[in-house]
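Here are some short exercises to work through with the model open next to you. Try each task before you read its solution.

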Amino acid sequence: MPKIVDRRSLSHMKPAASPHFKTYLLICLMVIFGPLGNVLLGKGMKQMSASSAGTTAGTLDLIPRVLTSGTIWLGIGSLLTFFVAYMLVLSWADYSYVQPASAAAYGMVALLAHFILREVVTPTRWMGVMLICLGVLVVGYTPPRTTDRR
Amino acid sequence: MLALILYLLIIGAGTGGELCVARAMKTVGEVKDFRPAALLRLVPRVLRVPWIWAGVTLMATAFFSLLAVLSTENVSLVVPVTALSYGVGALGGKFFLGEQVSARRWAGVFLVCAGVTLVIVGRR
């Protein structure tokens with residue numbers, strides 16, 4: 001006897017990837033676009049901060065210049081991509097699972113700052129970044145879900 | 001002093017915003033269809049959840065604080081310091097989302113905070 005297939009549910013399932021695949025994919029997007037956005041913002045803000053560093057009035061004066069910087073807009077675009085991926089993954093995964101998954105972002109932002117912005121990253125700071133990644137991995141090995149599904 | 005306030009806003013408002021967004025997305029339910037049209041249809045559903053507005057407002061506050069700090073500090077210092085949000089996040093997960101934060105998870109949070117301290121000490 002042939003099985004009755006609900007067409008609506010079939011069409012709904014077709015584009016859906018496996019939970020693990022889509023979770024890893026979105027977390028990869030977060031790890032790439034989050035640090036990239038921060039580095040681009042850092043580069044953009046450095047380009048215009050010389051005359052206004054450290055004062056409240058100077059910080060407010062930055063706003064119109066920020067809105068016309070291509071680097072800043074690229075950074076904002078990267079962070080928006082990060083944010084969309086973040087919101088989507090939070091619709092099924094625990095906050096306490098997703099947050100540790102961003103561990104690689106700390107290493108990546110140090111690498112990007114070193115190689116793209118030519119910032120000096122001292123050995124102590126590299127050790128700090130490694131310790132942060134280790135701590136985040138320890139958190140990541142705890143159960144991903146500790147509450148009931150709503 | 002201004003820098004300290006901005007760091008507090010980045011960590012406090014940023015983590016508070018993430019917790020609100022997490023709560024909003026749990027209310028919306030699991031996203032299974034990733035076609036552009038389906039994602040667009042999701043937008044009004046998400047916007048009807050009040051938590052998303054609180055989350056976006058707090059995250060925007062953290063974002064503009066981040067912009068201000070990045071105008072004077074190196075990104076390789078600022079971003080690791082924001083890892084302190086793991087401590088705030090663990091507390092928020094426990095008291096706001098009702099998650100069980102185990103001893104192992106607290107140990108991880110401690111390691112993160114120790115790493116942040118090293119990043120600050122190794123500033124130059």
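**Exercise 1. Decide whether A:Met130 is buried, exposed or partly exposed.**

Start with the neighbour count: A:Met130 has 15 other C-beta atoms within 10 Å, so it is partly exposed. The cut-offs are 20 or more other C-beta atoms within 10 Å for buried, 12 or fewer for exposed, and partly exposed in between, with C-beta atoms placed from the backbone. Next, place the residue: A:Met130 sits in helix 7 (residues 123–140) of chain A. Finally, check a partner: A:Gly107 is 23 residues away along the chain, and the two C-alpha atoms are separated by 7.3 Å.

Before you go on, keep in mind that this is a predicted model: local features need pLDDT of at least 70, side-chain atom pairs count only at pLDDT 80 or more, and totals for chains, interfaces and linings use all residues. Residues are numbered from 1 along each chain as its sequence is written, while chains are lettered from A and ligands numbered from 1 in the order in which they are written.

**Exercise 2. Do the same for A:Leu79: is it buried or exposed?**

A:Leu79 has 20 C-beta neighbours inside 10 Å, so it counts as buried. You'll find A:Leu79 in helix 4 (residues 70–90) of chain A. Its C-alpha lies 6.2 Å from that of A:Phe33, although the two are 46 residues apart in sequence.

**Exercise 3. Zoom out and describe the secondary structure of chain A.**

Count the elements: chain A has seven helices and zero strands. Here helices (H or I, at least four residues) and strands (E, at least two) are DSSP runs, numbered from the N terminus. Then turn to burial: 39% of the 150 residues in chain A are buried. Last, look at contacts (C-beta atoms, placed from the backbone, within 7 Å). Among those in chain A with a separation of 6 or more, 79% join residues 24 or more positions apart.

**Exercise 4. Check the length and the burial of helix 2 of chain B.**

The rule for the expected span is 1.5 Å times one less than the number of residues. Helix 2 (residues 36–47) of chain B has twelve residues and should span 16 Å; its end C-alpha atoms are 17 Å apart, so the two agree. The number of buried residues in helix 2 of chain B is zero, so this helix lies largely in the open.

**Exercise 5. Work out how helix 1 of chain B sits against helix 5 of chain B.**

First, the geometry: the axes come within 9 Å and cross at roughly 40°. Axes are lines fitted to C-alpha atoms, for helices over the stretch in contact, and angles run from 0 to 180 degrees between N-to-C directions. The two helices are therefore oblique to each other. Angles under 35 degrees count as roughly parallel, over 145 as roughly antiparallel, 65 to 115 as roughly perpendicular and the rest as oblique. Second, who's involved? Helix 1 of chain B brings residues including B:Gly12 and B:Leu19, and helix 5 of chain B brings residues including B:Val88 and B:Gly92.

**Exercise 6. Find which helix of chain B gives the largest share of the side that touches chain A.**

The contact takes 49 residues from chain B and 47 residues from chain A. On the chain B side, helix 6 of chain B gives the largest share, 13 residues.

Definitions and conventions:
Two residues are in contact if their C-beta atoms, placed from the backbone, lie within 7 Å.
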